[in-house]
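Please read the report below alongside the sequence and the 3D view. Terms are explained where they come up.

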Amino acid sequence: MIEQNAIREIRINPIVPSESVLVATARSMRPRKAEDPAPRDTRKYVDTCPFCAGNEQMTPPTLAAYPNAAGWQARIVENLYPVLDDDGRTGSLVFGLQQAIEGYGRHEVIIDHRDHGIALHEMSEEHLALLFGAYRESMDRIYANDARIRYVLVFKNFGPAAGASIAHTHSQIIAMPVVPENVHNEVTYSRIHYRKHHHCIFCSLIDEALTFDATIYDRTSGKVRRRISVGQYIVERGERFIAIKPFASRYEWEVHILPLRHQSNFMDITEADRGDLARVMRRVMGRLDAVIGGAQYNFFLHARPRGDEYEDCDVSYHWHLEICPRTSIPTGFELGSGLFVSTISPEEAAERLRSVDLNEEHA
Ligand SMILES: [Zn+2]
Ligand SMILES: [Zn+2]
Ligand SMILES: [Zn+2]
């Protein structure tokens, strides 16, 4: 049985057309039950936790501390179990068709906050601005220290469903000698769009989200087939940043945050940018937490990679932050087809996120 107004359509990602998502809101298509939200560890201090304030001797030495080592609010250390490290090996291994590039790079951990179990939306805006500053500074330091690094990926896993192995709130930085494929695809497709239209596709999507309104009529009956108010994809708007629910989201509650003014490089953010980004981020996370209830998520930064072949992408690429809450586990259909299934329409998800009444008492 199909529910009223059920959507069942394959949506093409406007930026990377090789990626698509199946939006199927009919009940029969609901492929699995979302995992029960894991009970959150809200403790402030855990004596066995290496990331808690006071236990600094349990981690590798501090690489950077903000605002200072004694009264740190955020602290960066090397990862004890790096997936990539810079032990001096270089070169790639080629063996028939099976090629491999030596796992060279850097892996650092940013301890986001002194408090063990604090959620992002519970941190102050000032704190989040400091954290974004720490991201920026670390990326800058890593790029400056090693010319071989092509991409520095900043990301965060929060909650066991998102793969976080240490409960204490933290982000990670992995610096790589190659540009990850999904960044490369976004860069490549947005460059093609720019060459054709002389306009950044991300900027166009923002413009569309802010202004576009249309009605689609049925060709034979003349009846209204669908009304599109593209503004329905906006989750949050700041002075300098906007949070959008992508039209073809892979994850049901996925939200992207982008600078309103064109900017390709995260390194170019100013102090004022950081302040507004912190405000938008905090409000978006508050909305997600209210709707999902104890959001477990991944987020990551996509910005222009380093390298001569990306020089021209300053005009065509637009950095952004992708937040992917993990409310379900990909099934065989998704892994086998590459087609992610969304059982809530992005329009409805955005509406529900927008309608959250944010309690502003801590703002
Ligand atoms: Zn801790
Ligand atoms: Zn742009
Ligand atoms: Zn991206």
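A residue is called buried if 20 or more other C-beta atoms lie within 10 Å of its own, exposed if 12 or fewer do, and partly exposed in between, with C-beta atoms placed from the backbone. Helices (H or I, at least four residues) and strands (E, at least two) are DSSP runs, numbered from the N terminus. This is a predicted model, in which local features need pLDDT of at least 70, side-chain atom pairs count only at pLDDT 80 or more, and totals for chains, interfaces and linings use all residues. Residues are numbered from 1 along each chain as its sequence is written, while chains are lettered from A and ligands numbered from 1 in the order in which they are written.

**The chain and its confidence**

The chain has six helices and 17 strands. Of its 363 residues, 37% count as buried. The predictor's confidence in each residue is the pLDDT, from 0 to 100. Its mean over the chain is 88, and 90% of the residues reach 70 or more. Among the elements, strand S14 (residues 255–259) has the highest mean pLDDT, 98, and strand S5 (residues 92–95) the lowest, 59. Over residues 31–35 the pLDDT is below 50, and this stretch has 11 contacts in the model beyond near neighbours in sequence. Two residues are in contact if their C-beta atoms, placed from the backbone, lie within 7 Å. Where pLDDT is low, the predicted coordinates should not be read in detail.

**A sheet of three strands**

Strands S1, S2 and S17 form an open sheet in the order S1-S2-S17, with mixed pairing. Its edge strands are S1 and S17, each of which pairs on one side only. Two strands pair if DSSP finds at least two bridges between them. S1 (residues 8–12) and S2 are antiparallel and share five bridges. S2 and S17 (residues 340–342) run parallel and are joined by three bridges. Leu22 of S2 is the bridge partner of Ile10, and Leu22 also has a partner in S17, namely Val341. Arg8 stands opposite Ala24 in S2.

Why is S2 largely enclosed by the rest of the structure? Four of the five residues of S2 are buried, so the strand is largely enclosed.

**Two partly exposed residues**

Pro50 lies in the loop between strand S2 (20–24) and strand S3 (62–66). Thr188 belongs to helix H2 (residues 181–197). The table gives the count of other C-beta atoms within 10 Å for each residue, and a residue that is far off in sequence with its C-alpha to C-alpha distance.

| Residue | Other C-beta atoms within 10 Å | Partner | Separation in sequence | C-alpha to C-alpha |
|---|---|---|---|---|
| Pro50 | 17 | Ile166 | 116 residues | 9.2 Å |
| Thr188 | 15 | Ile15 | 173 residues | 9.5 Å |

Pro50 is partly exposed because its count is 17. Leaving aside neighbours within four places in sequence, Pro50 is in contact with Asn55, Met58 and Thr59.

**The nonpolar core**

A nonpolar core is a set of buried Ala, Val, Leu, Ile, Met, Phe, Trp, Tyr and Cys residues joined through C-beta atoms within 7 Å. The largest one has 78 residues, and those with the most contacts inside it are Ala243, Ile257, Met281 and Val284. Not counting residues up to four places away in sequence, Met281 touches Leu128 and Ile257.
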